[in-house]
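Subject: Two-chain model for you

Hi there,

Here is the structure I promised to pass on. Have a look at it first, and then read on for what turned up when I went through it.

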Amino acid sequence: MNVMPPAGPLGSGPLPHYVSNAPFDPKAAEKLSPAQERIYLASQWQLMWIKFKRHRLALVSGAFLLALYLMILVCEVLAPYENQSRHTDFIRAPPQSLHIFDNGTLRSPFVYGYVYKLNLENLKREYTVDTNQVHPIRFFCSGDSYRFWGLFTADFHLVCPAKDGQMFLLGTDRLGRDMLSRIIYGARISLTVGLIGIFISFGLGILLGGLAGYYGGTFDMLTQRAIEIVHSLPHIPIWLALASVIPASWSPILVYFAITIILGLMDWTGLARSVRSKLLALREEDYVLAAQLMGARTPRIVGRHLIPGFMSHLIASATITIPKMILGETALSFLGLGLRPPITSWGVMLNEAQNINVVALYPWLMIPVVPVILVILAFNFFGDGLRDAADPYH
Amino acid sequence: MQGNILSIEELSIAFALHGQQNEVVRKVSFRIPAGKTVALVGESGSGKSVISQAIMGLLPKAGGITHGRILFRKSAHGEDASKGQIVDIAGFERDGEDIRDLRGDHIGMIFQEPMSSLSPVHTIGDQIEEALQLHRPVPKDQARAKTEEMLKLVGFRDPHASYDKYSFELSGGLRQRAMLAMALICRPALLIADEPTTALDVTIQAQVLDLMRSLQNEFGMAILLITHDLGIVANLADEVVVIYHGEIMEAGTVEDIFRNPQHPYLKALIRALPQFDMKPGERLVALRDAKQDLGALVGTRRHAPAATASDVILSVRNLRKTYGSRKAGWFGASSAGVVAVDDVSFDIKRGECLGLVGESGSGKTTVSKLMMRAVKPDSGSIVFNSGSEAIDLMALDEERLRAFRPKMQMIFQDPVSSLSPRMTVLNIIREPMEIHGDGTPEEQTRRVTELMSAVGLDPRFLNRYPHSFSGGQRQRIGIARALALNPELIVCDEPVSALDVSVQAQILNLLKDLQKELGLTYMFISHNLAVVDYMANRIAVMAHGRIVEIAPRHALFNRPMHPYTRALLKAVPFADLDRPLDFNYLSRGSASDTRLWGPAFVEEAGGTSLGSLDLGDGHFVLAKPNADLKDLQA
């Protein structure tokens, strides 16, 4: 009775009544392995983290972005030179390479000095490496003095050039300013422009999309049409028009905020749409109806049920739109209509590389493009990973 | 015909999950004799669908066959089946030449949800013909003729016109017929039917089952029927395989299984099934009983309602609701509405359970939403009698409605969507008390613990999230939440239709116990007549937005008057070999088809309108006021 009768390869005959001798364990289907137990006790955010961790590329990108954002807190210390310090003897000097061997002997990292000569035929500044001049790099040292976040004066740097020596690892620009230091300072502006912009568009998107989705009717219709109109405007001319309205007399910091507001004002439409569609979907969930039937008021339903329901999803989509802001700032500044010197951003730095001759003769002026690309890729990977993790059906 | 068409030998299937191999099917062996029907019965998660996927070579990427063979006898068409060549499907390459040759040609398959299994961008004729052209390429005009012939066989009245229809133009029953035509166009030797009628109404289900039987006789194919419904098994199967948690518990002929069940699991499953002829007070036996402790709750009832038979707690009069008549934006034209609820009146007495049955689209869910004032009716009145005063729900403004809410609560159908995935169980059950400011946070937490034990959940689970609970446990959470405000009337909207039979019995018993101990009144909505029969004292039957019959439970089941009620009752498959479905009666058409109702029940244009006819003992039927009772019974 307890062995399944061998059916044989396609044997026939009446089917004998088979009864398994396995006991009936009613709880068998409900038993959990420790791994399942861990997942079962996790909250939605913990589940997201578990899923996010599986996305290697997103994890690495997230770590990279985190490092960059930590870096902008202390960029004065990290940069070898002060942002604006000029080296008139080294205008548009090419990048110096870092060495650790001098004539076959190992020593601490150093750079060779430059000998400058103006080529009178084509007026090109020519720098030749002089291996007799060795400028060892100093660590944890005093160098250019700076005002840390504009609060107090200090001169501590992580790395500095040798006393009376130079260290232009990424070359210098037309005023003889160190490119590396300026890229580090520029990160402070370029990376935060996206963040402030995203907060503005996030706020507008949640407010307008939320009201449209929850109340529907005429307000929804007006918002939808407004979104369509904003969508149909060509972005660059509008940016330009708005940016040109900013008075030239404004201080650079005011211009900075004006630019972020412009970027935010142009970008809220996508978020408003996704908030609205998410709300429309969530409103149909039974648990929202249940809350209504319990007697919950509208603010409670929105705050306790609807917003938490789509927040993770929204954060993910917001992450993906940050690169758009960074690119927007870069484009505006490149065209000379965004941020203006003395503010340093990657876009402002690229402004110098507008002339094709300049790019051909001094290609290192294009280097600020590299951090732009890296940051945008990292944001895209990171946002992708977040979105997958926030998706309950993944 | 002799021999088996398919033989499964010690089949084991495992799925990789979080890097671990999880065995979901363990050493399963069974056979399918040629031309016979084998039913594979089990609860959700038992592995029955995985076996069917393995036979079709459609296992998901994470899954794989770890042991055993699936032997299929492949014979050329028209050839004697016993001479066929035997192939092992388990050894076939995924999506390779061999398995694609079998799929559709030798083995056909139909699924539970015919809407999502048919493409909406091709006509059904094209889709059926595609299956034919893949295996038996024939000229276009011949293919069309063959396809139309097939459509006729599966019961399309006008095959020529139906060929050019799209799936969304067809009803659920016709879609499943089109699926059958697609699966059978190549005359396969084996048809796998995975829950083929679960998404259909009972009368349509009976017709599709009838069709499967007659096509089987015509083509001589074998059927592997995968289902959780023992009633369908008893009506269709020759041999039955009962599977639980990936292992076969019992197998045998349909006679053996139903007349002489041996294994404790099968016995428990049969005991958990609501039957029509249960004695008053007889209880279902749940497979796994959860400890319920109602003691603490009973003490917190505000007043012990003295239930007298005439005490009406809620009375609904002339309720009417039309949908779809809203304006569609600036340029859209406004469309005429669809009447969802049409002149519905009924009373619910204190302490009773009023059942509401009807097929999908009959308007029963709309009635529940109107009662809860989740939707505003076009006209009609709903009056709640709290014992001391009569409250007109239609006249309540927002604030007073909010204050009234605790008296009436609702239990939802879908245990997944009815609980917020971002709140812990504690917060979910506590929410209604927070909204109404019932007690201090400590008192609320204590009451949540009491509610948890009352519905049979371990109070240690308080800080878990809903995703960690099974369907039955989630439904318990929903019940606890509905009880939190101490309601007097609870509207249960299909509370067990998303649950397995074994879990269904638990929830039904829980609801019954709560009703008895707490003196609750229920409105119980379901499409399952057996479940309503188990729960309700009186039953109302809805069709086309109207209540066509309302009667005490025994009267409705013993002396149904309305043709719709009769058809519904006849279409329920019993898990009992001695009460087979009357397929001849059911093949006439759908129960909601008014053409079959007889003149006394149909309103003609300009004729006398229908009224509620009193048959005595609280039995009312919707008919012409001048209709003779003898006519009705005819």
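Let me start with a single residue, L518(B), which sits in helix α18 of chain B, a helix that covers residues 501-518. Please keep in mind that this is a predicted model. Is L518(B) buried or exposed? It is buried, with a relative accessible area of 5%. If you want a distance to check in your viewer, try L518(B) to V448(B): the two are 70 residues apart in sequence, and their C-alpha atoms are 16 Å apart in space.

Another buried residue of chain B is T147(B), which has its place in helix α5, residues 140-153. Its relative accessible area is 0%. What does T147(B) touch, once residues up to four places away in sequence are set aside? The list is G125(B), I128(B), E129(B), Y163(B) and I185(B).

Two residues of chain B deserve a look for their backbone angles. As background, most residues other than glycine have a negative phi. D343(B) has a positive one, near 55°. D343(B) is part of strand β12, which runs over residues 338-349, and with a relative accessibility of 37% it counts as partly exposed. N486(B) also has a positive phi, near 60°, and is not a glycine either. Where in chain B is N486(B) found? It is in the loop between α17 (471-483) and β17 (489-493). N486(B) is buried, at 12% relative accessible area, where the cut-off for buried is under 20%.

Now for chain B as a whole. It has 23 helices and 22 strands. Its radius of gyration is 27 Å, close to the 26 Å that the globule rule gives for 634 residues, so chain B is as compact as a globular protein of that length. Along the principal axes, its C-alpha atoms fill a box of roughly 80 × 65 × 60 Å. Of the 634 residues, 56% are buried. Taking the contacts in chain B with a separation of 6 or more, 68% are between residues 24 or more positions apart. The accessible surface of chain B is about 25900 Å², and carbon and sulfur atoms account for 49% of it. As for charge, chain B carries 70 positive and 77 negative charges, and the mean positions of the two sets are 2 Å apart.

On to chain A, where the secondary structure comes to 13 helices and 6 strands. Why does chain A count as more spread out than a compact globule? Its radius of gyration is 30 Å, well over the 21 Å that the globule rule gives for 394 residues, so the chain is more spread out than such a globule. The box that its C-alpha atoms fill, taken along the principal axes, is roughly 105 × 65 × 45 Å. Buried residues make up 45% of the 394 in chain A. Among its contacts with a separation of 6 or more, 66% join residues 24 or more positions apart. Chain A exposes about 19600 Å², with 66% of that supplied by carbon and sulfur atoms. It has 31 positive and 26 negative side chains, and the centres of these two sets lie 5 Å apart.

Two helices of chain A are also on my list. In helix α2, residues 44-53, the residues Q44(A), L47(A), M48(A) and F52(A) are buried. They cover an arc of only 135° around the axis, which puts them on the same side of α2(A). The general rule behind such a pattern is that an α-helix has 3.6 residues a turn, so residues three or four places apart point the same way.

The other helix is α13, residues 369-390, which holds N380(A). N380(A) is partly exposed, with a relative accessible area of 31%. Leaving aside neighbours within four places in sequence, which residues is N380(A) in contact with? They are I320(A) and P323(A). For a second distance to check, N380(A) and T330(A) are 50 residues apart in sequence and 17 Å apart from C-alpha to C-alpha.

That is what I have for now. Happy to talk it through whenever suits you.

Best wishes

Key. Residues are numbered from 1 along each chain as its sequence is written. Chains are lettered from A and ligands numbered from 1 in the order in which they are written. Side-chain values use heavy atoms; hydrogens and water are left out. Helices (H or I, at least four residues) and strands (E, at least two) are DSSP runs, numbered from the N terminus. The radius of gyration is taken over C-alpha atoms; the globule rule is 2.2 Å times the number of residues to the power 0.38. Buried means under 20% relative accessible area, exposed over 50%, partly exposed in between (1.4 Å probe, protein chains only). Contact means heavy atoms within 4.5 Å. Accessible areas come from the Shrake-Rupley method with a 1.4 Å probe; for residues, only the protein chains shown count as cover. Lys and Arg count as positive and Asp and Glu as negative; His and the chain ends are not counted. The place of a charge is taken as NZ of Lys, CZ of Arg, CG of Asp or CD of Glu. The arc is that of the directions from the helix axis to the C-beta atoms.
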